[in-house]
Amino acid sequence: MRALHLLDASARADRTIAPWLAFPALLRRLGLARSPLPCVVPGDAAQRFPGEPRAVLLKRLLRQVVRSAEDGLERLERLETGARRTAAAIAAERRPGKLAVLGRVALSRPCLAARSVAPLLDLTVSGAGKLLERATGLGLLVEVSGRESWRTYVAPDVAVALGLSAPDRGRPPSLVSAPPEVEVILQSFDAEMAEIEERLRKLGISTEG
């Protein structure tokens, strides 16, 4: 409630969206979160007017925070499930090639195209396009542009979040019988993400936000 009161006071003093966007950082400074959570950004136009009963307004903001947090947890679950499925699919391939590197790139850059992937993986644009099509066939990415050329691909969880793909229904498929190599690939994700981020940094591409 203290965080919401501070948000309300800031919104009355600054009538831009800046106080709302700063709320994740406020939660971290108050010790309510270990890091800023971009999904938790509440805001209400009535905050800019003194006539609205503050108790009613704060309750609406609190409901927004709850909904945002629940939605964020659902997206996190989809992201983690997608990472496990990606690792399982790559481990099952006899010749994975650069699929594993592409999987790690997709964790920080969930919207991809052949022209953006090629320099990251040291491939030609044609080779990157074939790799993206292969990943799509394995269910690692979703093609969303509908074009015959210069296609655009996104991670499955992003496709669901944007309403471009239907979410999975029913009990998720079991991953218990996945090959033992899956755990090795999962463990290497975090270690090798630093290398990918360094490549992106050298290309002038930020992975934050």
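Start your tour at the sheet: three strands make it up, it is open, the order is S1-S3-S2, and the pairing is antiparallel. At its edges you'll find S1 (111-113) and S2 (142-143), each pairing on one side only. Keep in mind as you click around that this is a predicted model.

**Stop 1: zoom in on the sheet**

Select S1 together with S3 (residues 152-154). These two strands pair in the antiparallel sense, over three bridges. Want one pair to look at? Pick Ala113, then Thr152 in S3, which is its bridge partner. If you're wondering what holds such strands side by side, strands of a sheet pair through backbone hydrogen bonds, either parallel or antiparallel.

**Stop 2: helix H6**

Now select residues 114-121, which make up helix H6. Why is H6 described as largely enclosed by the rest of the structure? Because six of its eight residues are buried. To see them, highlight Ala114, Ser116, Val117, Ala118, Leu120 and Leu121. Then step on to Asp122, which follows H6 and has a positive phi, near 60°.

**Stop 3: the surface of helix H4**

Next, select residues 54-92, helix H4. Turn on the side chains of Glu70, Glu74, Glu77 and Glu80: they gather on the surface as a patch of negative charge. Glu70, which lies in H4, is partly exposed, at 47% relative accessible area.

Now add Leu73, Leu76, Leu79 and Leu107. Together they form a nonpolar surface patch with about 330 Å² of accessible area. Which helix gives the largest share of this nonpolar patch? H4 does, with three residues. One residue to click is Leu76, which is in H4 and counts as partly exposed at 40% relative accessibility.

While you're on H4, pick Gly82 as well, since this helix is where it sits. Gly82 is partly exposed, with a relative accessibility of 25%. Draw a distance line from its C-alpha to that of Gly139: the two atoms are 9.3 Å apart, although the residues are 57 apart along the chain.

**Stop 4: hunting salt bridges**

The model has five salt bridges. Let's visit some of them.

Select Asp8 and Arg54, whose side chains meet in a salt bridge at 2.5 Å, N to O. Asp8 is in helix H1 (residues 2-13) and Arg54 is in helix H4, so this pair ties together parts that are 46 residues apart in sequence. Buried or exposed: which word fits Asp8? At 3% relative accessibility, Asp8 is buried, while Arg54 counts as partly exposed at 22%. Now add Arg12 to your selection: Asp8, Arg12 and Arg54 are linked in a network of salt bridges.

Move on to Asp44 and Arg60, another salt bridge, with an N to O distance of 2.8 Å. This pair links distant parts of the chain, 16 residues apart: Asp44 is in the loop between helix H3 (23-29) and H4, and Arg60 is in helix H4. Asp44 is buried, with 14% relative accessible area, whereas Arg60 is partly exposed at 25% relative accessibility.

Finish with Glu93 and Arg134, where the side chains meet at 3.0 Å, N to O, in a salt bridge. Glu93 is in the loop between H4 and helix H5 (99-108), and Arg134 is in helix H7 (residues 125-137), so the pair ties together parts 41 residues apart in sequence. Color these two by accessibility: Glu93 is partly exposed at 25%, and Arg134 is partly exposed at 30%.

Technical notes:
Residues are numbered from 1 along each chain as its sequence is written. This is a predicted model: local features need pLDDT of at least 70, side-chain atom pairs count only at pLDDT 80 or more; totals for chains, interfaces and linings use all residues. Side-chain values use heavy atoms; hydrogens and water are left out. Patches are made of residues with over 30% relative accessible area and no salt bridge: like charges are joined within 9 Å, nonpolar side chains (Val, Leu, Ile, Met, Phe, Trp, Tyr) within 5 Å. Accessible areas come from the Shrake-Rupley method with a 1.4 Å probe; for residues, only the protein chains shown count as cover. A salt bridge is a side-chain nitrogen of Lys or Arg within 4 Å of a carboxyl oxygen of Asp or Glu. Lys and Arg count as positive and Asp and Glu as negative; His and the chain ends are not counted. The place of a charge is taken as NZ of Lys, CZ of Arg, CG of Asp or CD of Glu. Helices (H or I, at least four residues) and strands (E, at least two) are DSSP runs, numbered from the N terminus. Buried means under 20% relative accessible area, exposed over 50%, partly exposed in between (1.4 Å probe, protein chains only). Two strands pair if DSSP finds at least two bridges between them.
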